[in-house]
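Reader: I would like to learn how to read strands, sheets and contacts in a model. Can you take me through one?

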Amino acid sequence: MTRGPLFHEQTARQRIAALVDPGSFGELLPPPERITSPYLAQLGIPVSFDDGVVIGRAKLGGKKIYIAAQVGQFVGGAVGEIHGAKLTGLFKAAARDRAPCVLLIESGGVRLHEGSAGEIAIAETMRAIFECRAKKVATIAVIGSDIGAYGGMGILSTCCDFRVMSEHGRLGISGPIVIEKWMGKKAYDSSNRALVWKTSGGKTKYLLGDADALVHDDAGAIRDAVAKLLGRSSAVTLKSVKARQKELEKRLKRFGATTDPNDVWKGMGVRDVAAASLASGPEFAAMTRRGK
Amino acid sequence: MREKGIMNTAKSALRRQNKAQRLERVGKLARGKFVSPNNVPQVLKRIIESGDILCLEGDNQKQADFLANQLATLNRKDLHDIHLVMSCITLPAHIQLFQKGMIRQVDFCYAGPQGTAVADLVKAKKFPVGAIHTYNELYARYYMDLTPRVALIAAAQADRKGNLFLAANTEDTPAIVEPTAFSDGIVFAQVNEIVDRLPRIDIPADQVDLVVEAPYPMHLQALFTRDPAAITDVQVLMAMVALRGIYEKYEVQSLNHGVGFNTAAIELLLPTYGERLGLKGKICKYWMVNPLPTMIPAIESGWVESVFAVGGEVGMERYTAAHSDVFFTGRDGSFHSNRAMGQLAGHYAIDMFIGASLQIDINGNSSTVSKNRITGFGGAPNMGCQPTGRRHPSKAWLKVGAEANPGPGALPGRKLVVQMVETFQSGRVPTFVERLDAQDPSIRKALHGVAPVMIYGDDVTHIVTEEGIANLAACRSIAERQAAIRAVAGYTPVGLKRKKRETEELRRRGIVQLPEDVGVRPSEASRSLLAAQDIKGLVRWSNGLYDPPPQFVDW
């Protein structure tokens, strides 16, 4: 019954080490270079020598990749100017070298202490992602951490070609507490963990087609899923954006008035909601006929 | 034959007459035994008299909360000088009785959730406490000098005759009802529902005077659910050290576990690490614990022979019913508990008690009390003590006894009383202190000179921390005991005072053992050794029979 460490419990550097070919990771702008946030320092808030994100080159199955992992323990993995610039540079390098780029997300979005700089940095990273996709360089977001991918990072993840999720991962724009604050506890109780995961967790996102793979909470399983997607990429075109818009309109029409996330599952063809809830990610993927 | 006409000054049957008068006063406010919820405050006014010993059922988990809330609607002019006896002061309503000045004296065991409110009442001199007890100590006094005149209790169901079904959470009810009912006291039960036929009868109608179907189900706290996801690597390390250095060494057969994450880690290591050590069938067979969800993997792996419990646990109903070979169950198939009997078992019939504490002093005394929070004892001291009335031997009992080197006038054996703590609590508060907060003069004064010590250092046999094990039983002097405690107290101020030479000498004699001394490699200590990583893992181990409370469900 003994298992390896759970992906969501690992640190950013542990995740990268467990994911890529042993010894192949070379960190860019590593902590000894001390590239830290000037804003946090001005506010008297402790800084981090990597500004909350680890980036570098590595090999996966012998193939060259670029990879980044956000550090959730540092201001919730939030994106500031330096953090965002590191991500932008990484995707630009990926486009230049035509090497796939893997992003291990653990972030609630933009860092409030440096709001505008963070917003701009995320926009620039998105542009770099589209640059990759225009050159058919695969961009893959992995969402399987405690914090999930929310706010600007939630949006950014959907700009990538693919999203690999674990059941533990969550993907959304506004976080649960923010939704509760604006909509009221009656509409959305953020302390109801089952509700939170049923609306933004990996299973639901996989069911709706927002995630492309649903895997075990384990670096090995994530590596296998990522490896399969490295050679596949497609450009973002007006046509593809319009098609996606149509899909989302259809989804809104179908489920917009639904208040119970279980009804969404049923609507997507899940017969036994209780069994599906208890199933592991891969079991769930096997037992559900996924809608698109 | 007694001569007629001699004046008899002994008490005869005045209490019985008084009880009849009280019930007569209730009159039409009840139909037979049954009271409608709206009439409860009026009925309480008529059955309770000022100056009464009143028992309010407030257990560790189950609360007669409807009756308590109705009682709290009354005022000092309705009722005063009440001598309140109860296990657990848990609800805001309990505190209101003090604030309204209705209570002349209180005798209780535990005030966990209201610990801060109780400390405030003490400061305001509104908490006239007789004593803080252990559970069995208080129940024992119900039969001696604290026999209730009226007991307000909680049950799951009543039938039309007033028989009661207590379901999984029997807890204190029999220990309250018997002394009350057999001394012409009044037993008033709130029930979740009245039914035609009970699954089983736990309290016969004969011992029940009044029943109300409460408008809401009784408050029931999920007190023993520990999410494996919150167990840390350090706790896994301590669990491994305890397994090797104590469970394996003494071949512990029968035991009680506290409710903390440390012991939850041990439970979850049995099917993995324990199995690897070849300990299955050799240790941990007979348990006196509530149905802890974290025990599911060990039970499913065949480690556990039996579990007797002092209470139930929310969500474990279907699992326990399906495992009647392990858990005690009624004829109806559902789970049964009894706090008085469980505590008795924990006192006399276990090889080991292992629990945690907030503070331990240099003599090994422990306490959970601070100036701002008075929690009391509960049941830990009933189990975490040396029962000198014990006469039956067991392997573990004799082995610790031999280490303690008893004198010619002492018991040959000892119970393992183990304190398992991290050297620091959350917020970097040191666990080890030179002097307990419980020794504060203001607290001592409120408790008539008795400092609320949970487990006395003389009773403790071992302390386990992330640094290692201190075998206090094997220490030959107080100075040696203090050195052993400092040796495992890490970087706390108490620990920093240790002397290297003393520690090495104690280590050489096996009184202090580091992880490597018991064959544990700290680098191996990892959460990945746990048989279940989260609540969902427990549900899967239970084959879907465990229904965790909603706050623990994220799927």
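Author: What follows is a short tour by question and reply. Keep in mind that this is a predicted model.

Reader: Let us begin with strands. Which way do the residues of β4(A) point?

Author: The general idea comes first. In a regular strand the side chains alternate between the two faces of the sheet. Now the case. Cys101(A), Leu103(A) and Ile105(A) point to one side of β4(A). Val102(A) and Leu104(A) point to the other. All of them are buried.

Reader: How many residues of strand β4 of chain A are buried, and what follows from that?

Author: The strand covers residues 101-105, and five of the five are buried, so it is largely enclosed by the rest of the structure.

Reader: Which strands pair with β4(A), and in what sense?

Author: Take the partners in turn. Strand β3 of chain A, residues 63-70, pairs with β4(A) in the parallel sense over four bridges. One bridge sets Ile67(A) against Val102(A). Strand β5 of chain A, residues 139-143, also pairs with β4(A) in the parallel sense, over five bridges. There, Ile105(A) stands opposite Ile143(A).

Reader: Which helix connects β4(A) with β5(A), and what is the hand of the unit?

Author: Follow the chain. Helix α4 of chain A, residues 115-134, joins β4(A) and β5(A) in a right-handed β-α-β unit. Now go back to the pairing of β3(A) with β4(A), which is parallel. Here the chain crosses through helix α3 of chain A, residues 81-97, and this β-α-β crossover is right-handed.

Reader: Now a helix. Which residues of α5 of chain A are buried?

Author: Start from the helical repeat. An α-helix has 3.6 residues a turn, so residues three or four places apart point the same way. Helix α5 of chain A spans residues 151-159. Its buried residues are Gly151(A), Gly152(A), Met153(A), Gly154(A), Leu156(A) and Ser157(A).

Reader: What covers the buried residues of α5(A)?

Author: The cover includes β4, α4 and β5 of chain A, and also β6 (162-166) of chain A.

Reader: Turn to chain B. Are the two faces of β19(B) covered or open?

Author: Read each face in turn. Leu416(B), Val418(B) and Met420(B) lie on one side, and Val417(B) and Gln419(B) on the other. All are buried, so to read it by the 20-neighbour cut-off, each has 20 or more other C-beta atoms within 10 Å of its own.

Reader: Which strands pair with β19(B)?

Author: Strand β16 of chain B, residues 352-355, runs parallel to β19(B) and is joined to it by four bridges. Met352(B) stands opposite Leu416(B). Strand β21 of chain B, residues 462-465, is parallel to β19(B) too, with three bridges. His462(B) is the bridge partner of Val418(B).

Reader: How is the order of strands in the open sheet with β17 of chain B read?

Author: Read across the sheet. The order is β18-β17-β20 in chain B, and the pairing is mixed. β18 (366-367) and β20 (432-433) stand at the edges with a single partner strand each, so one side of each has no neighbour in the sheet. Strand β17 of chain B, residues 359-361, pairs with β20(B) in the parallel sense over two bridges. Asp361(B) has Val433(B) as its bridge partner.

Reader: Where is Lys125(B), and is it buried or exposed?

Author: Lys125(B) sits in the loop between α5 (115-123) and β7 (129-132) of chain B. It counts as exposed because it has 8 C-beta neighbours inside 10 Å. Check its backbone as well. Phi of Lys125(B) is near 55°, a positive value in a residue other than glycine.

Reader: Last, contacts. How many residues does each chain bring to the contact?

Author: The general habit is this. The size of an interface is often given as the accessible area lost when the parts come together. Here we count residues instead. Chain B brings 16 residues and chain A brings 12 residues. On the side of chain B that touches chain A, α19(B) gives the most, with three residues. That side divides into seven nonpolar, five polar and four charged residues.

Notes:
Residues are numbered from 1 along each chain as its sequence is written. Chains are lettered from A and ligands numbered from 1 in the order in which they are written. This is a predicted model: local features need pLDDT of at least 70, side-chain atom pairs count only at pLDDT 80 or more; totals for chains, interfaces and linings use all residues. A residue is buried if 20 or more other C-beta atoms lie within 10 Å of its own, exposed if 12 or fewer, and partly exposed in between; C-beta atoms are placed from the backbone. Two strands pair if DSSP finds at least two bridges between them. A crossover is right-handed if, with the strands pointing away from the viewer, the path from the first strand over the helix to the second runs clockwise. Two residues are in contact if their C-beta atoms, placed from the backbone, lie within 7 Å. Ala, Val, Leu, Ile, Met, Phe, Trp, Tyr, Cys and Pro count as nonpolar, Asp, Glu, Lys and Arg as charged, and the others, Gly among them, as polar.
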